[in-house]
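Subject: Structure handover and findings

Hello,

Here is the structure I promised to pass on. Please open it first, then read the notes below.

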Amino acid sequence: MHKRMLIQAATALVALQFFAVPVFAAGSSSGGSDQTVTQCKKGEVWDKKKKKCVAPQEGMLDDDSIYDAGHALAMAGRYDEAISVLTLAANKQDPRILNYLGYSHRHSGRVTVGLGYYEEALRIDPNYTLVREYLGEAHLQIGDLSGAQQQLMEIEKRTGKGSREYGMLSEQIEHFMRS
């Protein structure tokens, strides 16, 4: 009986995943990324110019389209696909691209690789507070509370305590300290 309940719960979670992705994507503000997640099959991204799903290839999409698609895939939990798309960017030093490469690697269990991408993004743009939030979360993943707190202080210096990034990382730190 216990095994059957576990199977039913797992089935419900899998089904929930399929419903959660389109709902999230529908609320996003960038038109191309919605289609990448909701309409394109695995291994394809939305090409804004052609207005259809295509297999991404280096040089075929502009970096903004690559970022939009990679971001959407990462937020949908499709990390390996996000990495495949993001690595096609012509500008390998775009902090946005580096940030979501870090995010996707970190969420795929490669936290150390993710840390490297975050550090590179901050080397290029030290004021990119979303990277600092994610870097703080990565520090918490490896048990480094002081590293996370340092990023929280850096966010506060740049945007104050009222920013979304400050609130999110602060909440993660509080949760870490309670557990």
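A residue is called buried under 20% relative accessible area, exposed over 50%, and partly exposed in between. D64 has a relative accessible area of 41%, so D64 is partly exposed. One caution before the rest: this is a predicted model.

**Salt bridges**

The whole structure holds nine salt bridges. D64 takes part in one with R96, with the closest N and O atoms 2.9 Å apart. D64 sits in helix α3 and R96 in helix α5, so this pair ties together parts that are 32 residues apart in sequence. R96 is partly exposed too, at 25% relative accessibility. Shared partners join D64, D94 and R96 into one network of salt bridges. R96 has a further role in the geometry: its charged end sits over the ring of Y67, 4.4 Å from the ring centre.

D80 forms a salt bridge with R110. Here the closest N and O atoms are 3.4 Å apart. D80 belongs to helix α4 and R110 to the loop between α5 and α6, so the pair links parts that are 30 residues apart in sequence. D80 is exposed, with a relative accessible area of 51%. R110 is partly exposed, at 32%.

The bridge between E154 and K157 has its closest N and O atoms 3.3 Å apart. Both residues lie in helix α8, residues 145–159. They are three residues apart, about one turn of the helix. E154 is buried, with a relative accessible area of 16%. K157 is exposed, at 63%.

**A buried charge without a bridge**

Which buried residue has no salt bridge, with R164 as the nearest side chain of opposite charge? That residue is E165, and R164 is 5.0 Å away. A salt bridge needs the nitrogen and the carboxyl oxygen within 4 Å, so a pair at a greater distance does not count. E165 is placed in helix α9, residues 164–178. Leaving aside neighbours within four places in sequence, E165 is in contact with T129, L130, E133 and I155.

**Nonpolar cores**

In soluble globular proteins, nonpolar side chains tend to be buried together. In this model the largest nonpolar core has 30 residues. V45, I66, I97, Y100 and Y118 have the most contacts inside this core. The elements that give two or more residues to this core are α3 (63–75), α4 (79–86), α5 (95–107), α6 (111–124) and α7 (129–141). Another core, of seven residues, lies apart from it. Among its members are L140, I155, Y166 and L169. I155 is thus named twice: in this second core, and as a contact of E165.

Back to I97, from the largest core. Residues up to four places away in sequence are not counted here: I97 touches D63, I66, Y67, L86 and A89.

**Aromatic rings**

How many aromatic pairs are there? The count comes to six. A pair is described by the distance of the centres and the angle of the planes. For Y103 and Y134, the ring centres are 4.8 Å apart and the planes are at 50°, so the pair is tilted. Y103 lies in helix α5 and Y134 in helix α7, so the pair ties together parts that are 31 residues apart in sequence. Y103 is buried, at 11% relative accessibility. Y134 is buried as well, at 7%.

Y134 also pairs with Y118. This pair is tilted: 6.4 Å centre to centre, with 40° between the planes. Y118 is in helix α6 and Y134 in helix α7, so the pair connects parts that are 16 residues apart in sequence. Y118 is buried, and so is Y134. One aromatic cluster is formed by Y67, Y79, Y100, Y103, Y118 and Y134. Y67 of this cluster is the ring under the charged end of R96.

**A backbone detail**

Most residues other than glycine have a negative phi. K51 has a positive value, with phi near 55°. K51 lies in the loop between β1 (45–47) and β2 (52–54). At 62% relative accessibility, K51 counts as exposed.

Best regards

How values were computed
Residues are numbered from 1 along each chain as its sequence is written. This is a predicted model: local features need pLDDT of at least 70, side-chain atom pairs count only at pLDDT 80 or more; totals for chains, interfaces and linings use all residues. Side-chain values use heavy atoms; hydrogens and water are left out. Helices (H or I, at least four residues) and strands (E, at least two) are DSSP runs, numbered from the N terminus. Buried means under 20% relative accessible area, exposed over 50%, partly exposed in between (1.4 Å probe, protein chains only). Lys and Arg count as positive and Asp and Glu as negative; His and the chain ends are not counted. Contact means heavy atoms within 4.5 Å. A nonpolar core is a set of buried Ala, Val, Leu, Ile, Met, Phe, Trp, Tyr and Cys residues joined through side-chain atoms within 4.5 Å. Rings of Phe, Tyr and Trp (its six-membered ring) pair if their centres lie within 6.5 Å; planes under 30 degrees apart count as stacked, over 60 as edge-to-face and the rest as tilted. A charge sits over a ring if NZ of Lys or CZ of Arg is within 6 Å of the ring centre and within 35 degrees of the ring normal.
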